[in-house]
Amino acid sequence: MKEMPHLDNTPSTPGKFKMEKPAYIHHHHRLRWHSTPLAKLTFWSCIFLGLIFMFFLRSSPSSSSSSTTFSSSTAGISDTTRRSLRTFSWGGPLWEKRVRNSARVRAPNGFSVLVTGASGFVGTHVSAALKRRGDGVLGFDNFNDYYDPSLKRARQALLERSGVFIVEGDINDEALLKKLFEVVAFTHVMHLAAQAGVRYAMQNPGSYVHSNIAGFVNLLEICKSANPQPAIVWASSSSVYGLNTKVPFSEKDRTDQPASLYAATKKAGEEIAHTYNHIYGLSLTGLRFFTVYGPWGRPDMAYFFFTKDILKGKSIPIFEAANHGTVARDFTYIDDIVKGCLGALDTAEKSTGSGGKKRGPAQLRVFNLGNTSPVPVSDLVSILERLLKVKAKRMMMKLPRNGDVQYTHANISYAQRELGYKPTTDLQTGLKKFVRWYLNYYKPGGKKSDV
Ligand SMILES: NC(=O)c1ccc[n+]([C@@H]2O[C@H](COP(=O)([O-])OP(=O)(O)OC[C@H]3O[C@@H](n4cnc5c(N)ncnc54)[C@H](O)[C@@H]3O)[C@@H](O)[C@H]2O)c1
């Protein structure tokens with residue numbers, strides 16, 4: 001089209017101008033109008049607003065659904081990590097079939113258990129053990145990157161081979177959890193999903209609130225409204241004993257002096273459990289685990305990264321308390337913890353509520369699950385040196401005041417009496433199994449060992 005010189009004069013009233021000119025001229029005029037300063041400003045403002053709108057569309061929590069696929073994201077308390085912005089795909093007939101199959105009970109009087117944190121260390125072992133004995137198991141996990149997600153994926157692959165499907169989602173996702181309870185009438189929930197670790201709270205406190213408090217409340221809200229209500233067994237922690245100096249730690253001891261945000265959120269969980277038991281009749285059992293270790297363990301824990309660093313020839317920090325005080329842990333082997341978890345599920349009474357209303361008093365319990373024999377961390381290193389046949393480069397350091405306590409020691413008589421809990425693996429034997437798994441898993445072409 002030829003340039004029309006008279007259109008260089010931009011009218012102050014475009015509407016009027018429109019009335020006076022033929023359509024094609026008006027169109028051309030609009031093209032030229034874009035090149036004025038006001039037009040440029042308007043144009044770039046629109047682009048900018050559009051980009052902001054798209055950003056919000058991508059990051060805002062949504063639970064839109066279609067007939068085949070649902071998309072959901074973590075809702076609830078906002079979190080500064082990209083974790084809270086992740087979305088998960090779920091829904092559809094095929095997905096529901098997988099959920100149902102995985103949760104199908106195969107043993108007479110078996111349970112149908114929703115295991116949260118199933119791609120985690122304890123969750124993988126508990127899920128596998130439940131499946132082995134014929135219970136229906138549906139896993140649930142958000143596969144966050146607090147530690148190497150490829151280890152979580154390897155555990156998932158392992159569970160898949162034994163018929164356990166892990167639904168990917170966040171425990172803050174109300175719509176997704178509701179859907180799962182519509183598809184399966186879970187008899188039990190084994191709640192292990194959490195932000196673990198003591199020191200990470202200095203870096204990312206929001207993740208503890210997100211998973212251990214908001215997520216737990218969301219899960220309990222769903223459970224209380226489910227019909228039938230499931231019985232819930234969940235992981236608290238020995239860290240709730242905090243600055244308590246009376247040893248061994250008994251469930252009757254004070255737990256109101258947490259030494260870390262992690263411990264505080266676990267303690268909050270115990271109080272929240274009390275509330276949901278009291279108001280809604282949910283059967284709730286909290287398990288205070290004491291430093292769990294073993295194959296498929298957590299890379300952020302000392303026994304795990306000591307092994308890695310000893311093999312690499314890197315020096316390892318060994319903490320000591322004031323006046324060269326020994327730092328010791330009641331290390332508990334994973335198989336013993338699994339037995340304790342199964343004992344808790346087997347002895348859990350039914351919840352008493354229905355339709356969100358309490359119909360009578362329900363069971364509320366808290367147990368220590370430890371090994372009852374604390375071992376100094378320096379002895380742990382000596383055992384690893386022998387098993388790995390490598391001398392460790394020890395670096396003695398003062399115990400920092402950012403969450404770790406000097407000593408843990410469980411009194412387990414209550415769990416012994418009520419759950420038949422009796423740990424049988426000493427640290428030497430357990431570490432031998434861990435080291436065998438570690439060397440096999442991390443050798444080139446490894447990653448295929450069994451639970
Ligand atoms: N391992 C121990 O020594 C120990 C000691 C005391 C208590 N605990 C508790 O036991 C439980 C299991 O611990 P673990 O050692 O297997 O830890 P883990 O980190 O290996 O497992 C926790 C799993 O939960 C998932 N998860 C976290 N937040 C989630 C969320 N918002 N939604 C969905 N999934 C989420 C993670 O992806 C992870 O796979 C945790 O509650 C932990 O606090 C563990």
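Helix H5 gives the largest share of the shell around the ligand, 3 residues. This comes from a predicted model, and the ligand shell is a handy place to start looking at it. In total, 27 residues surround the ligand, and those that come nearest are Gly 117, Gly 120, Phe 121, Ala 194 and Ala 235. Helix H5 spans residues 121-132, and together with helix H8 (205-225) and strand S7 it belongs to the elements that each put at least two residues into the shell. Sorted by class, the shell is a mixed bag: 11 of its residues are nonpolar, 12 are polar and 4 are charged.

H5 also has a helix partner. Its axis comes within 10 Å of the axis of H11, and the two cross at roughly 60°. At that angle, H5 and H11 are therefore oblique to each other. The crossing of H5 and H11 is right-handed. On the H5 side, the contact is built from Val 122, His 125, Val 126 and Ala 129, and on the H11 side from Ile 334, Ile 337, Val 338, Cys 341 and Leu 342. This contact of H5 with H11 counts 8 nonpolar residues and 1 polar one, with no charged residues.

Next comes the sheet. It is an open sheet of 7 strands, paired in parallel and ordered S5-S4-S3-S6-S7-S8-S13. Strand S5 (165-168) and strand S13 (364-369) sit at the edges with a single partner strand each, so one side of each has no neighbour in the sheet. From one strand to the next, the twist averages 20°. Further in, strand S3 (residues 112-116) pairs with strand S6 (residues 188-191) in the parallel sense, over 4 bridges. Within this pairing, Leu 114 has Val 189 of S6 as its bridge partner. Helix H11 (residues 334-347) ties back to the sheet: it lies across S6, strand S7 (231-237), strand S8 (284-289) and S13, and runs at about 165° to S8.

A second pair of helices, H12 (residues 377-388) and H14 (residues 427-442), packs at an angle of about 50°, with the axes 10 Å apart. H12 and H14 are therefore oblique to each other as well. Their crossing is right-handed. From H12, the residues involved are Leu 380, Ile 383, Leu 384, Leu 387 and Leu 388, and they meet Leu 427, Gln 428, Leu 431, Lys 432 and Val 435 of H14. Of the residues in the contact of H12 with H14, 8 are nonpolar, 1 is polar and 1 is charged.

Finally, some loops show backbone features worth a look. The peptide bond from Asn 227 to Pro 228 is cis, with omega near 5°, and Pro 228 falls in the loop between H8 and S7. Val 247 and Pro 248 are likewise joined by a cis peptide bond, here with omega about -10°. Pro 248 belongs to the loop between S7 and helix H9 (261-280). Asn 109, in the loop between helix H4 (93-103) and S3, has phi near 60°, a positive value in a residue other than glycine.

Notes: Residues are numbered from 1 along each chain as its sequence is written. This is a predicted model: local features need pLDDT of at least 70, side-chain atom pairs count only at pLDDT 80 or more; totals for chains, interfaces and linings use all residues. Axes are lines fitted to C-alpha atoms, for helices over the stretch in contact, and angles run from 0 to 180 degrees between N-to-C directions. Angles under 35 degrees count as roughly parallel, over 145 as roughly antiparallel, 65 to 115 as roughly perpendicular and the rest as oblique. A crossing is left-handed if the near helix is turned anticlockwise from the far one by less than a right angle, and right-handed if clockwise. Two residues are in contact if their C-beta atoms, placed from the backbone, lie within 7 Å. Ala, Val, Leu, Ile, Met, Phe, Trp, Tyr, Cys and Pro count as nonpolar, Asp, Glu, Lys and Arg as charged, and the others, Gly among them, as polar. Two strands pair if DSSP finds at least two bridges between them. A residue is near a molecule or strand if its C-beta atom, placed from the backbone, lies within 6 Å of it.
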